[in-house]
Amino acid sequence: MFDTVLIANRGEIALRILRACRMLDLRVVAICSEADRDSPWLRKADQVLCIGPAAAGQSYLDHNAILYAARETGAGAIHPGYGFLSENADFAEKVEAEGLVFIGPGPQVIRQMGDKIAAKAAMQAAGVPCVPGPSAALPEDAAAIRDMAVALGFPVIVKAAGGGGGRGMRVVHSPEALDTAVPLTREEARKAFGNPTLYLEKYLDRPRHVEIQVLCDNHGNAIHLGDRDCSLQRRHQKVIEEAPAPGIPRSAIEELGALCTRACRQIGYRGLGTFEFLYQDGIFAFIEMNTRVQVEHPVTEMVTGIDLVRAQILLAMGQPLPWRQDDINIEGHAIECRINAEDPETFLPSPGRIARIDLPGGPGVRVDTHMVQGAVVPPNYDAMIGKLITHGADRADALRRMEHALSETTIEGIRTNIPFHSRLLRDPAVREGGPTIHHLEAVLAAK
Ligand code: ADP
């Protein structure tokens, strides 16, 4: 169906996708910006095109430049990775209009799930439990907004319908605060996402973030690959993830997974996807769906033994799912630490050249990174430079392996958050398992 994949991304995920392509004997076209021109991973691709300057808007986000690169190189498919154009329905549409395959679900589904109000409405219709709140946009009228919030009960969270990356949301504790919070968030949403539409949700005070991984084919089959716990967050951004979520009855996950796969069939989902939930007092509540590969996908790969990116590409080729739900077994426990080029105390970005890098290994240790000695972390993009993943027979085993993996890792020339991870793994609530989404911020505030 296609023999060449253009990877419309950079960094560790681009390399991860290249590796999946290699498993399928696919030719790989890499693109890069001028800032990434010397990135060593590019040498692993069959062909490289520099498509524009460092600014993402003129390179990794430039639809025309990427489509031109695909045409010039004879690519038959485009893999968007995560971030950048991965959830851009307009781009997916243009890719299809060119007669190419967009490795992801159809543009209509991306558009529907990208509008968080529409996504929640679709989930409600499919019987998936959602966070309480009207599945409608906030009106303009301040009094009407107050009425909605009072009916829901404070605290509430004001969220952008087109939001993502943990931005465009604000917690509000009183009707008075609402009057200033709504216009502020609306303006932020308009600037950041080009969409000022807001909605309201009940603010849950001590939830965990638990998500379900799904895989669907074009033939009406959908399965889930269990859960991940991504509660350790800073500024609504995940820092450490694990699979499975500790302390949650497996029967509850099976039930939730079955609801998700049913919803997938109902919305006509195709490929790899994630249903995100908040979990509090034994209740799951849907917040959003990600229609792409996620940063934390390796923890699911480690406990299921399935190459998710390879599966995603095969599904995009139109192949039927090679597994039934009964074939999916969760074995042991996996943990992932996101390695960022940042100061471990202040979290300020720390771009620069890697003078020396020494990576860990051994049983149950996986490193997903495009970093090598001499590589440069440009200041223009996300600070994440890789991920350390460990797998063990149980959680204690995976934790122990992670502690050693972190202590074996040396990166010189830039600062990284490795010391921060090492400290965090010694935190009693983290060791115990199952802290809430507020735990990490509370630890930092206490310091
Ligand atoms: P994004 O698309 O920006 O990641 P999400 O809707 O997935 O936005 O929310 C990101 C994070 O924000 C969640 O993991 C959680 O920590 C917090 N959050 C979102 N909605 C709520 C809510 N209703 N109550 C409490 N926390 C929330």
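**Exercises on rings, a sheet and a helix**

In this predicted model, Phe-91 is buried, and Phe-102 is buried as well.

**Exercise 1.** Determine how the rings of Phe-91 and Phe-102 are arranged as a pair.

*Solution.* Begin with the search of the whole structure, which finds nine aromatic pairs. For Phe-91 and Phe-102, the ring centres lie 6.2 Å apart and the ring planes stand at 80 degrees. Planes over 60 degrees apart count as edge-to-face, and therefore this pair is edge-to-face. Then place the two residues in the chain: Phe-91 belongs to helix α3 (residues 89-97) and Phe-102 to strand β5 (residues 101-102), so that the pair, with its partners eleven residues apart, links distant parts of the chain.

**Exercise 2.** Classify the ring pair of Phe-277 and Phe-286, and decide whether Phe-277 is buried or exposed.

*Solution.* The centres of these two rings are 6.0 Å apart and their planes meet at 75 degrees, which makes the pair edge-to-face. Turning to accessibility, the cut-off for buried is under 20% relative accessible area; Phe-277 has a value of 0% and is therefore buried, and Phe-286, with a relative accessible area of 0%, is buried too. Finally, look at the wider setting, where ring pairs join Phe-277 and Phe-286 with Phe-275, Tyr-279 and Phe-284 into a cluster.

**Exercise 3.** Describe the sheet formed by eight strands, and find which strands are at its edges.

*Solution.* Reading across the open sheet, the order is β13-β12-β9-β10-β11-β14-β19-β17, and the pairing is antiparallel. The edges are β13 (283-290) and β17 (365-369), each of which pairs on one side only. From one strand to the next, the twist averages 25 degrees. To look inside the sheet, take strand β9 (residues 208-216) and strand β10 (residues 222-234), which pair in the antiparallel sense over six bridges; Glu-211 has Arg-228 in β10 as its bridge partner. Lying across β10 and β11 (237-243) is helix α14 (residues 439-446), which runs at about 15 degrees to β10.

**Exercise 4.** Which ring face does Arg-234 lie over?

*Solution.* Arg-234 lies over the face of Phe-347, at a distance of 3.9 Å from the ring centre.

**Exercise 5.** Locate Leu-184 in its helix and state its exposure.

*Solution.* Leu-184 is found in helix α7, which spans residues 175-193. Its relative accessible area is 46%, and Leu-184 is therefore partly exposed, since that class falls between buried, under 20%, and exposed, over 50%. As a last step, compare sequence with space: Leu-184 and Gly-168 are separated by 16 residues in sequence and by 9.6 Å from C-alpha to C-alpha.

Note on methods: Residues numbered from 1 in each chain as written. Predicted model: local features only at pLDDT ≥ 70, side-chain atom pairs only at ≥ 80, totals over all residues. Heavy atoms only, no water. Helix = DSSP H or I, 4+ residues; strand = E, 2+ residues; numbered from the N terminus. Buried < 20%, exposed > 50% of the residue type's maximum accessible area, 1.4 Å probe, protein only. Pairing = 2+ DSSP bridges. Axes fitted to C-alpha atoms, helices over the stretch in contact; angles between N-to-C directions. Contact = heavy atoms within 4.5 Å. Phe/Tyr/Trp six-rings, centres within 6.5 Å; stacked < 30°, edge-to-face > 60°. Lys NZ or Arg CZ within 6 Å of the ring centre and 35° of its normal.
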